[in-house]
Each structure stands twice: as structure tokens, then as C-alpha cells.
Amino acid sequence: MIPTAGFAGESSWEWCFDGLPKNSTVAITTNTLNDKEAHRLFVGGVNAMVKKFQPTAIVVCGKCPEWIAKKFPDIQVVKIKNYSEMWHERERMNKLNGRIRRIKRQSKKEK
């Protein structure tokens, strides 16, 4: 099991990190990064978590901001797609497969 760090503003950091192990793997999610304020709070929370717990790896569920791996090069960053990312990828693949099937049918008719 990988513990997940969920945090809001700085006032939540005192209790929201309770129970997280030091020098271990932790997970975070980027699902709520919808505006500048949410992004600012996320950056502050990640920085505070890394400073306090010095994780060996961070599992990021959702779109992974590039700055995490750049800022913390000694920490392994594992990216996992969230449900909506997988859903959109599946839709893209279905559309592509549909186009491929149409092309194959057309080429058979032309023979």
C-alpha cells in the first residue's frame, strides 16, 4: 500500500501529513489543479511534503507537472494516468481503429 498525501493550504500541512512515512514512497494526485490558486497550493504542499518526509519516490496520479522531476532529481517520479486520461486515450484509440477499419474496407472494395 502506498500512502497518499492530500493537502490544501499551509494551515492543513500540520495534520494532513500525519502518518506519512519518512524516506519512503508517497502518492499525490493532480486532479484538482483547475486554477492558479489550486496550483499554488499544490506546489507549496509538494515542497513541504518533500522537505519534511524526503520521499524516495512520488507516485503522481493524473497529469504530472514537469517541474516535480526537475526540482527533485534524486526522487523517482512515477506517473499514473487518472481515469479521465485513460478514458480520453481509449476514445482516441477507438477513433483511430475506426479509421483503420474504413481504410481496409475501402481498399478491399477497390480490389
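Asp74 is found in the loop that runs between helix H3 (66–71) and strand E3 (76–80). The structure is a predicted model, and this loop residue offers a convenient point of entry to it. Is Asp74 buried or exposed? Asp74 has a relative accessibility of 76%, and because the limit for an exposed residue is over 50%, Asp74 counts as exposed. Along the chain, Asp74 and Met1 are 73 residues apart, and their C-alpha atoms are separated by 22 Å.

Val46 presents the opposite case. This residue belongs to helix H2. Its relative accessible area is 0%, and since buried means under 20%, Val46 is classed as buried. Which residues does Val46 touch, once its neighbours within four places in sequence are left aside? They are Phe7, Ile28, Trp67 and Phe72. Another relation links Val46 to Gly6: the two residues are 40 apart along the chain, and 9.6 Å separates their C-alpha atoms.

The discussion now turns to the interior. The largest nonpolar core comprises 21 residues. Within this core, the residues with the most contacts are Phe7, Phe17, Ile28, Met49, Ile58 and Ile68. Four elements each supply at least two residues of the core, namely helix H1 (13–16), strand E1 (25–29), helix H2 (36–53) and strand E2 (57–61). Which element gives the largest share? That element is H2, with 6 residues of the core. Ile68 illustrates how parts of the chain meet: with residues up to four places away in sequence not counted, Ile68 touches Ile28, Phe42, Ile58, Val60 and Val77.

Two of the strands named above are also joined to each other. E1 and E2 pair in the parallel sense, and 5 bridges connect them. At one position in this pairing, Thr29 stands opposite Cys61 of E2. Strand E2 is mostly covered, as 4 of its 5 residues are buried.

The largest pocket comes next. Its space amounts to about 190 Å³. The lining consists of Ala5, Gly6, Phe7, Ala8, Ile28, Thr29, Asn31, Thr32, Leu33, Ala38, Leu41 and Phe42. Two elements, E1 and H2, give two or more residues to this lining. The largest share comes from H2, which contributes 3 residues. What classes of residue make up the lining of the largest pocket? There are 8 nonpolar and 4 polar residues, and no charged residues. Several residues met earlier return here: Phe7 and Ile28 line the pocket and are among the residues with the most contacts inside the largest nonpolar core. Thr29, which faces Cys61 in the strand pairing, is likewise one of the lining residues.

Two loops remain to be described, and each holds a residue with a notable backbone angle. Most residues other than glycine have a negative phi. Asn23, placed in the loop between H1 and E1, has a phi near 50°, a positive value in a residue that is not glycine. Gln54 lies in the loop between H2 and E2. The phi of Gln54 is about 45°, again positive although Gln54 is not a glycine.

Definitions and conventions:
Residues numbered from 1 in each chain as written. Predicted model: local features only at pLDDT ≥ 70, side-chain atom pairs only at ≥ 80, totals over all residues. Heavy atoms only, no water. Core = buried A, V, L, I, M, F, W, Y, C linked by side-chain atoms within 4.5 Å. Buried < 20%, exposed > 50% of the residue type's maximum accessible area, 1.4 Å probe, protein only. Contact = heavy atoms within 4.5 Å. 1 Å grid on protein atoms, 1.4 Å probe; cavity = no way out; pocket = protein on both sides within 12 Å on 5 of 7 lines; lining within 4 Å. Points joined across faces, edges and corners; volume = space filled by probe spheres on them. Nonpolar A, V, L, I, M, F, W, Y, C, P; charged D, E, K, R; others polar. Pairing = 2+ DSSP bridges.
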